[in-house]
Structure formats: structure tokens, C-alpha cells
Amino acid sequence: MSTGVRLRSAGGTKPRFRWAGLDWVLLGAVLALVVIGTLLVWSATSTREDLTGGNPRAYLEKQLFNISVGLLLMAVVVVADHRWVRVAAPAVYLASVVGLVLVLVMGSTINGSRSWLMLGGMSVQPAEFAKLAVIIGMSLVLAHRAAGRWRPKVGLVEVLLMLLIAAVPAALILLQPDLGTMLVLTATVVGVLAVSGAPRRWLALLGAGGVTAAVVAVAAGVLKDYQVDRFLAFTNPDLDPRGAGYNVEQARVAVGNGGLFGQGLFNGSQTRSGFVPEQHTDFVFTVAGEELGLVGAGLVVLLLGVVIWRALAIATATEDVFGRVAAAGIACWFGFQAFQNIGMCLGIMPVTGVPLPFVSYGGSSMFAGLLAVGLLQNIHLRSTEQAPRRYSAPRVLVSAR
């Protein structure tokens with residue numbers, strides 16, 4: 001039976017959930033990235049007794065747990081009615097803001113940034129969820145202002161409201177300070193404003209304001225010394241090869257070692273020696289470059305491109321303002337974060353400490369990413385259900401009896 005046929009139960013009128021209506025290309029690309037990432041994390045940690053405590057499978061087991069929880073969260077969002085998604089949006093935004101406040105009050109400092117909350121034996125990074133919360137919040141504001149129009153009129157009021165939604169989490173993230181997440185969030189906000197139809201002059205003013213804020217932050221000492229050093233090392237890695245430039249230099253060596261086909265999974269010389277810092281999180285792409293080579297690393301980039309392409313395709317196909325802006329915002333988020341992460345591994349972007357979506361180790365980043373995929377699937381399902389109702393003959397209702 002085709003996916004356009006809707007089944008009804010014998011005792012009611014509520015339609016069953018149609019698994020065939022999912023965007024399987026998107027789901028397949030995400031699952032492939034998750035599998036590859038799990039293997040890379042396992043390879044990067046299996047010989048690191050300082051991390052694993054002597055259990056070479058420790059991080060493998062932790063990542064599998066993160067993936068299981070993330071897939072469960074994704075499934076919940078997929079099957080949820082779109083009206084409940086909108087109702088929950090303000091609560092998701094408020095929860096992310098509360099989490100960011102709690103980080104500043106009682107959070108743990110790791111690598112110079114107070115970004116983590118310790119909940120029992122698990123560390124949670126609220127900034128990861130704030131990216132999705134900001135996208136949902138901005139989309140909801142624009143949807144309400146649209147008042148049923150297919151293309152909303154975006155003027156000063158709409159731009160200011162969307163910027164206000166983004167400003168609160170952004171200010172809290174800057175206070176941590178988490179420069180990497182701040183850059184990703186800024187790029188995402190600009191992307192959402194661009195796809196929403198905001199006037200170009202407002203985008204130009206926003207860009208100028210961002211540059212001004214960055215200059216003021218440096219001058220006022222908001223950024224830590226090590227963060228400034230990372231930018232200096234980006235412009236000249238030889239400036240401090242044993243300090244700020246060490247990560248970039250070792251990452252380049254690891255990627256360069258891989259050649260075309262790599263040294264083989266679990267056989268990377270730099271990886272097994274533990275020369276690349278934070279290789280299971282921020283620098284996991286260097287494991288792909290060294291052990292899987294140009295072919296394997298290229299596959300990771302290709303799969304990320306497929307995820308971004310499908311997100312944009314979903315944004316284009318839906319007629320719902322909320323869904324269109326949210327899907328495009330998620331594409332901007334994944335796209336810039338992937339570019340930033342891979343770029344710092346290759347030395348073409350400064351080291352800012354952001355994970356590679358679906359590949360890096362980490363519960364918060366995995367949960368937020370899979371929640372976003374669930375939202376994309378929810379938007380896709382709703383758009384495909386509405387399309388036949390508007391543009392094709394009425395569907396046949398088949399009894400389940």
C-alpha cells in the first residue's frame with residue numbers, strides 16, 4: 001500500500017503513525033554518522049588509560065548509552081502532534097535559560113569554561129540545548145506574527161523580537177565564557193533571520209554589531225587569555241607550538257598521516273599515542289582523517305552534507321511558517337558547527353571547542369542533535385500529510401477491519 005493511503009482503526013478515526021512517511025535519507029545519514037562516530041570515539045579512547053581507568057570499552061559504552069537516550073528523545077518528538085510541539089516550545093526555551101543560569105551559579109569549570117552541570121554521575125551542557133531552543137523560539141515568534149500568511153512580513157518589530165529571544169541565552173553563554181557555542185549561535189541567528197526574509201540592512205547592522213561586540217569583549221577582558229591566544233595561534237600556529245598552537249599542529253599531523261585510505265581503524269599512530277588533545281570530542285575528525293584517510297573523512301563530510309541538504313529540502317517543502325524557519329535554522333546550525341569543527345581540525349578555523357554533530361563524544365550534543373532531527377521529521381511528516389489534501393484528489397480511507 002502506498003504511503004499516501006491513510007489507515008484508520010476499526011474503532012475510531014485517529015490515523016496511525018506512518019513510518020513510511022519518514023525522511024529515510026535524513027535518518028539513514030544521521031544513523032551512519034552516529035555509527036562512524038561511535039567507532040572513532042572508541043578508537044580515540046581505547047588506549048587512553050588516563051581517560052578510561054583501564055577499561056578500553058568505557059567510552060564506547062557511554063556513547064552507546066548517549067545514543068540510546070538520544071534516539072528515544074528523537075522518537076518522542078517524531079510521533080508528537082505538531083500542536084504539542086508548539087505548546088512545548090516556550091517551556092523548552094525557558095528550561096534552556098534556567099539551565100544556563102544554573103551553570104553560572106553552580107556549574108563546573110572544564111577547560112577554562114564554566115559550561116557544565118553535574119547531575120549525579122552525568123555532566124550536562126545546557127548551551128547545547130540552547131541552540132535548538134533559540135531556533136524554536138525565533139520560529140514560534142515569526143509564526144505568530146505571520147497570522148496565517150504563507151510568507152510573513154518581517155520588519156523592525158519582528159527582527160527585534162527574534163533578536164530578544166536570542167539575546168538572553170547568548171548573554172548567558174558569553175558569561176561562561178563559551179566562545180565556540182557563541183559563534184555557532186550567532187551564525188544560526190543570522191541564518192534564521194536571513195531565511196525569514198529580514199531586510200538586508202538589518203542583517204548588515206547585525207553583522208556590524210557583532211563585530212563591535214567582539215572588539216568590546218576583547219578590550220573589556222571578557223574573553224580569557226587562553227581564548228585570545230587561540231586566535232593568535234590560528235593566525236600563526238608557529239607562534240606558540242607547545243602552547244596555544246599545539247592542538248592545531250598535532251591535528252594537522254594526524255590528518256596528514258592518513259593519506260588516501262588511512263592507517264586503519266584503531267591503528268592511527270597519533271591517535272594511539274594520545275598526541276591530539278580532546279580527540280574523542282572536539283578533534284574527533286582527526287581520527288577519521290588519520291585512520292580512514294581522505295576517503296573516510298570525505299564520507300563523513302558527505303553524510304553531514306546530506307543531513308544539511310535534507311533539512312533545507314524539508315524547509316522548502318513545508319508551507320508552515322514555523323516549520324519552514326525551524327528547519328532552515330537547524331540546517332544553519334548543523335552547517336556552521338560542522339564547518340567550524342572540521343575547519344579547526346584542518347587549521348582553517350580557530351580552535352573554539354565545538355563538537356562535530358552526531359560524531360563527537362558527548363551526551364548533551366547528541367541529545368540536542370537528535371532532538372533537532374526528530375523535529376525535522378515531525379515537520380516533514382506534517383508537510384507530506386497536508387500536501388495531498390491541498391493538491392491531489394481525496395485519499396481513500398481504508399478500514400483496518
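Trainee: Let's start with one residue. Does Leu 304 count as buried or exposed, and how do I tell?

Mentor: Look at the relative accessible area: under 20% means buried, and over 50% means exposed. Leu 304 has a relative accessibility of 6%, so it counts as buried. Keep in mind that this is a predicted model.

Trainee: Okay, and where is Leu 304 placed?

Mentor: You'll find Leu 304 in helix H12, which covers residues 284–317.

Trainee: Which residues does Leu 304 touch, if I skip those up to four places away in sequence?

Mentor: Skipping those, Leu 304 touches Leu 33, Ala 338, Ile 342, Leu 356 and Pro 357. Take Ala 338 as an example: 34 residues separate it from Leu 304 in sequence, yet their C-alpha atoms are 7.6 Å apart in space.

Trainee: Can I see that kind of thing across the whole protein? What share of the contacts between residues at least 6 apart in sequence join residues at least 24 apart?

Mentor: For the protein, that share is 73%. While we're zoomed out, the protein has 14 helices and five strands. Of its 401 residues, 48% count as buried. The protein exposes about 18300 Å², and carbon and sulfur atoms supply 66% of that.

Trainee: Now helices. How do I describe two that pack together?

Mentor: You give the angle between their axes and the distance between the axes. Here, helix H7 (residues 179–196) packs with helix H13 (residues 321–346) at an angle of about 145°, and the axes are 8 Å apart. The crossing of H7 past H13 is right-handed.

Trainee: Which residues make that contact?

Mentor: From H7 come Leu 183, Val 184, Ala 187, Thr 188, Gly 191, Val 192 and Val 195. H13 brings Val 325, Ala 328, Gly 329, Cys 332, Trp 333, Phe 336 and Gln 337. Sort the residues of this contact and you get 10 nonpolar, four polar and no charged.

Trainee: What about loops? Where does Thr 352 lie?

Mentor: Thr 352 lies in the loop between H13 and helix H14 (363–391). Its relative accessible area is 7%, so Thr 352 is buried. For side chains like this one, look for polar contacts too: the side chain of Thr 352 makes one with the side chain of Gln 340, at 2.6 Å.

Trainee: Let me try Gly 268. Which loop is it in, and is it buried or exposed?

Mentor: Gly 268 sits in the loop between helix H10 (246–258) and helix H11 (269–273). With a relative accessible area of 0%, Gly 268 is buried. Leaving out residues up to four places away in sequence, Gly 268 touches Gln 263, Glu 290 and Glu 291.

Trainee: And Ser 383 in helix H14?

Mentor: Ser 383 is buried as well, with a relative accessible area of 10%. A polar atom of the Ser 383 side chain lies 2.8 Å from the backbone oxygen of His 380. Aside from neighbours within four places in sequence, Ser 383 is in contact with Ala 317 and Thr 318.

Trainee: One last try: how does Val 69 count, with a relative accessible area of 25%?

Mentor: Partly exposed, because 25% falls between the cut-offs of 20% and 50%. Val 69 is in helix H3 (residues 58–79). In sequence, Val 69 and Leu 370 are 301 residues apart, while in space they are 9.4 Å apart, C-alpha to C-alpha.

Key
Residues are numbered from 1 along each chain as its sequence is written. This is a predicted model: local features need pLDDT of at least 70, side-chain atom pairs count only at pLDDT 80 or more; totals for chains, interfaces and linings use all residues. Side-chain values use heavy atoms; hydrogens and water are left out. Axes are lines fitted to C-alpha atoms, for helices over the stretch in contact, and angles run from 0 to 180 degrees between N-to-C directions. Helices (H or I, at least four residues) and strands (E, at least two) are DSSP runs, numbered from the N terminus. A crossing is left-handed if the near helix is turned anticlockwise from the far one by less than a right angle, and right-handed if clockwise. Contact means heavy atoms within 4.5 Å. Ala, Val, Leu, Ile, Met, Phe, Trp, Tyr, Cys and Pro count as nonpolar, Asp, Glu, Lys and Arg as charged, and the others, Gly among them, as polar. Buried means under 20% relative accessible area, exposed over 50%, partly exposed in between (1.4 Å probe, protein chains only). Accessible areas come from the Shrake-Rupley method with a 1.4 Å probe; for residues, only the protein chains shown count as cover. A polar contact is a pair of N or O atoms within 3.5 Å; within protein, one must be able to donate a hydrogen and the other to accept it, and residues adjacent in sequence count only if both atoms are side-chain atoms.
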